[in-house]
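Work through the exercises below with the sequence and the model open. Each task is followed by its solution.

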Amino acid sequence: IYSLNFSWDPFGVLLRRTATGTVLLNTTVAPLIFADQFLQISTSLPSRFLYGLGEHRGSLLHSLDWNTLTLWARDVAPTESFNLYGAHPFYLLMEEGGDAHGVFLLNSNAMEVALQPAPGLTWRTIGGVLDFYVFLGPDPNMVIQQYQQVIGFPAMPPLWALGFHLCRWGYGSSNGTWQTVRAMRNYQIPQDAQWNDIDYMDGYRDFTFDSQKFASLPSLVEDLHKHGQRYVMILDPGISSTNPQGSYWPFDEGLRRGLFLNTTQGQPLIGKVWPGYTAFADFSNPDTHQWWLENLQHFHAHVPFDGLWIDMNEPSNFMDGSEDGCPPGELDSPPYTPAVLGDSLSSKTVCASAKQKASVHYNLHNLYGLMEAKATARAEPGPLPQLLWDKANAWGAALTSCPFLSLLFSSALIQIRGKRPFIISRSTFPSQGRYSGHWLGDNRSQMGDAGCGRWGWGGTAADSLHLPQAQDPTVFSPAARTAMKDVLLTRYSLLPFLHTLFHHAHLQGDTVARPLFFEFPQDVATLGLDRQFLWGRSLLVTPVLEPGVDSVTGYVPQGTWYDFYTGSSVNSSGEMLKMSAPLEHLNLHIREGSILPTQKPGTTSEATRGNPLRLIVALSSSATAWGDLFWDDGESLDTFERGSYSYLVF
């Protein structure tokens, strides 16, 4: 389906799609530069419709007008043009005529991707090798499936992970947290999980809880479990280093076993995070996984948590480098520094020269969140074959994210709970989905942050900044509270459908939420749309993203669409439609030819599971429709792999 031609002068490769003759890559357009700490390769692009290259805040469709995207994990509230928490050197491009292809550069070093109006693209990285994967699609869904065949498919989440979760920094106490939970129950607003931010800890130290303000935390967790609800808490990778010897086991034991990042002098690198001076766990060391597991086991014996929220794992540091700065040399001051926020690789993180078991931090920085997620989901490893680490050193750690490495790990949360783990991570890298989900970092829950309008309607409401006012549904006006309750009940009624979509993601790399162009790749009007999305192929969501309005304009692709609530049909030729959007109404439309499995909603996913199911059938113009349902117990491990499930096609 493709042809590959090499050229010596000018030097480069040309990759063509055979069916259309479209040139997907042409690297002869600029010289290849291949030095130890500077690798640069450019290509022409067959169109201007390019997506991906996360993690950045901006529109779904990238501008190619001299737009440089930097990939270097960084703790900073999502801001346009900054390098953010994760690094994903992958792009998807829509060709003229509706074909799609993807390109993945398996490289974990600091890099820039420069987009040019030609159209063209330049990869510029300061380590590793140029190890490219090209995915020929030819449609965007298939590109994503092929990409995940390389990096690994996402884990199947527990059903409760798909319900409504609440969190804020500032509950002040376990009783304050409990009060919110009770208020939610009082108003019969659905809630599956309650979370706590770092204020539950004793002096912001991992694996502790405040024995005064959070004295009733074990009782709160017990009460949640009695009501079919779950508890999730935050954890940071920075371990407090200033406690009297013998008073804080996580640090004492980590030090004794040599499990922290070290300076070039071989001493633990000391930075500063929430608890004050801290050492940083080295998750590239297999022994660290066992220590992490033991810490989690000790804490779980007191507070039987159900999920973990791993934060600050870029890793974040309130100092630049360490308490002693960073030493001179070409790791901390490379010949070329990509356009990172702060103009230095050590800005608000650890020194690039820091020593880790697998390699230097220079090569491993963008993998830190992935490695922590792997330890949290999959701790207690056996010895890693030295060959892999030798290659990781030689190749700038390009190998450390390969899926087969995971075979060497069993699981921390799995060992502790014996059920599907629930973990979300702030810093991410390709293959993260095998071990954790992702959260979008610090925001102020404003309209521009929502991603799904009228904040809190899209699923999980996590209020991450320390704001003076609570933002859970119970504190709003009766009208707003009722609207939130109604839309959450709608979400819960769709859990069988949503759970089935996650099964397809886990099994073959389908997307759950997808942009419209994934389903309508030949409709050029969809290529720039990012204010609507689809669940699977059949449920169109048109949220309100502006305050104080009672209507919304959205694109309805060609065909017949049915109003989710009333069943009334809209026959569209592919056009923008103005829809009524009063406070209590979220616009949902079902695509013709689809069948959605739904359920009478309860106030938890557990309660919902016991209720009657029903099908919504949206006939096509030829009076046909199909849908499916994956049904298991919602929390056991490997239900598909073990055959403990029902799969129904309607």
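**Exercise 1.** Which residue follows H4, and what is the sign of its phi?

Solution. The model is predicted: local features need pLDDT of at least 70, side-chain atom pairs count only at pLDDT 80 or more, and totals for chains, interfaces and linings use all residues. Residues are numbered from 1 along each chain as its sequence is written, and side-chain values use heavy atoms, with hydrogens and water left out. Helices (H or I, at least four residues) and strands (E, at least two) are DSSP runs, numbered from the N terminus. Gly-258 comes after H4, and its phi is positive, near 70 degrees.

**Exercise 2.** Identify the buried residues of H4 and what covers them.

Solution. Buried means under 20% relative accessible area, with a 1.4 Å probe and protein chains only. In H4 (residues 249-257), Pro-250, Phe-251, Glu-253 and Gly-254 are buried. Their cover includes strands S16 (238-240) and S18 (276-280) and helix H5 (286-302), where contact means heavy atoms within 4.5 Å.

**Exercise 3.** Describe the largest nonpolar core and the surroundings of Leu-296.

Solution. A nonpolar core is a set of buried Ala, Val, Leu, Ile, Met, Phe, Trp, Tyr and Cys residues joined through side-chain atoms within 4.5 Å. The largest has 88 residues; Leu-50, Tyr-91, Trp-123, Tyr-200, Tyr-231 and Leu-296 touch the most other members. Helix H7 (residues 368-377) gives the most to this core, six residues. Beyond its neighbours within four places in sequence, Leu-296 contacts Phe-207, Leu-235, Phe-305, Leu-308, Ala-412 and Ile-416. Another core, apart from this one, has 29 residues, including Trp-535 and Leu-539.

Note on methods. Buried means under 20% relative accessible area, exposed over 50%, partly exposed in between (1.4 Å probe, protein chains only).
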